[in-house]
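Please take the sequence and the structure together, and let the text below lead from one strand pairing outwards to the rest of the chain.

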Amino acid sequence: MNLQTITLISFGYFEKDFLEQIVESVQHEFNCSLNLKDGHIDLSEFYDPGRRQYNGNSLLKQVDALAPPESDKTIGLFNVDLFIPILTFIFGQAFLRGRSGITSMYRLNNTSYGMEMDVRLLLDRFIKEIIHELGHTFGLIHCHNATCVMRSSTYVEDIDQKRQHFCVKCLDELGLK
């Protein structure tokens, strides 16, 4: 893998310290340069009133269209409830072997499940999802290793069981070993 730059585009309000910790973790995992940018789009265009959620497929295409040309990979960061037509909700998605992906922390927050806010756990889950979606942009599919960041996650409990890192097999496929 000959990676130069990853860009994270923040769509919405995220605390500066929160974003800095994400940048540090993603930079560490991919050992590359990382840019953080603010993005602005009218989210109402992506809202499906029947589902009361935002269309992940359409948002992904929009982020792909906004991807800076100097960036090898771009991930849009959101805090809205995402769906794709075949699933009730998603944490994120990406173009397999593509340039772009999206993630949302909306369903990663304990308060979505009637539990007490845990900022550290929210940050950990969000970082894992960002790294996971970036893995897809590099061509990785879901991994069967229980602790690999590329393992599929249907529920937040699945995310909690994973590490923030790729397993040896996925690292080898990425050429990062």
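**From one bridge to the whole fold**

Phenylalanine 78 has serine 104 as its bridge partner in strand S9. That bridge belongs to a parallel pairing in which strand S5 (residues 73-78) and S9 are joined over 5 bridges. The model in view is a predicted one, and what follows should be read with that in mind.

S9 has a second neighbour as well, since strand S8 (residues 92-94) runs antiparallel to S9 and is joined to S9 by 3 bridges. Across this pairing, glutamine 93 stands opposite isoleucine 102. How is S9 itself placed with respect to solvent, mostly covered or mostly open? Strand S9, which comprises residues 100-104, is mostly covered, with 5 of its 5 residues buried. In a regular strand, side chains alternate between the two faces of the sheet. In S9 both of these faces are covered, for Ser100, Ile102 and Ser104 are buried on one side, while Gly101 and Thr103 are buried on the other.

The hairpin that S8 and S9 form has 5 residues between its strands, and there arginine 97 takes a positive phi near 60°. Most residues other than glycine have a negative phi. Arginine 97, a residue other than glycine, therefore departs from that tendency with its phi near 60°. In contrast to the buried residues of S9, arginine 97, in the loop between S8 and S9, is exposed, with a relative accessible area of 59%. Asparagine 31 offers a further case, having a positive phi of about 50° although it is not a glycine. Asparagine 31 is found in the loop between H1 and strand S2 (33-38), and with a relative accessible area of 70% it is exposed.

Returning to S5, the loop that leads from S5 to strand S6 (82-84) holds asparagine 79, which is partly exposed at a relative accessible area of 37%. Leaving aside residues up to four places away in sequence, asparagine 79 touches Phe14, Ser104, Met105 and Tyr106. Asparagine 79 and serine 10, although 69 residues apart in sequence, are 9.5 Å apart in space, C-alpha to C-alpha.

Phe14, one of the residues that asparagine 79 touches, leads on to the aromatic side chains. There are 7 aromatic pairs in the count. One of them is formed by phenylalanine 14 and phenylalanine 126, whose rings are stacked, with 5.9 Å from centre to centre and 20° between the planes. This pair links distant parts of the chain, as phenylalanine 14 lies in the loop between strand S1 (5-10) and helix H1 (16-30), and phenylalanine 126 lies 112 residues away in helix H3 (residues 119-137). Because buried means a relative accessible area under 20%, both partners count as buried, phenylalanine 14 at 7% and phenylalanine 126 at 0%. Together with Phe18, these two residues form one aromatic cluster. Elsewhere, lysine 73 lies over the face of phenylalanine 138, at 4.7 Å from the ring centre.

Phe126 also leads into the nonpolar interior. In soluble globular proteins, nonpolar side chains tend to be buried together. Here the largest nonpolar core has 36 residues, of which Leu8, Ile22, Val26, Phe126, Ile130 and Phe166 touch the most other members. The elements that give two or more residues to this core are S1, H1, S5, H3, helix H4 (156-161) and helix H5 (168-174), and the largest share, 7 residues, comes from H3. Leucine 8 touches Ile22, Val23, Leu34, Asn35, Leu36, Lys37, Ile75, Leu77 and Ile130, when residues up to four places away in sequence are not counted. Separate from this is a second core of 13 residues, which includes Phe11, Val63, Val80 and Ile90.

Finally, the view can be widened to the whole chain. The protein chain has 5 helices and 9 strands, which follow one another along the sequence in the pattern β-α-β-β-β-α-β-β-β-β-β-α-α-α. Its radius of gyration is 15 Å, close to the 16 Å that the globule rule gives for 177 residues, so the chain is as compact as a globular protein of that length. Along its principal axes, the C-alpha trace spans about 45 × 35 × 35 Å. Buried residues make up 51% of the 177 residues, and among contacts with a separation of 6 or more, 67% are between residues 24 or more positions apart.

Notes
Residues numbered from 1 in each chain as written. Predicted model: local features only at pLDDT ≥ 70, side-chain atom pairs only at ≥ 80, totals over all residues. Heavy atoms only, no water. Phe/Tyr/Trp six-rings, centres within 6.5 Å; stacked < 30°, edge-to-face > 60°. Helix = DSSP H or I, 4+ residues; strand = E, 2+ residues; numbered from the N terminus. Buried < 20%, exposed > 50% of the residue type's maximum accessible area, 1.4 Å probe, protein only. Lys NZ or Arg CZ within 6 Å of the ring centre and 35° of its normal. Pairing = 2+ DSSP bridges. Core = buried A, V, L, I, M, F, W, Y, C linked by side-chain atoms within 4.5 Å. Contact = heavy atoms within 4.5 Å. Rg over C-alpha atoms; globule rule 2.2 N^0.38 Å.
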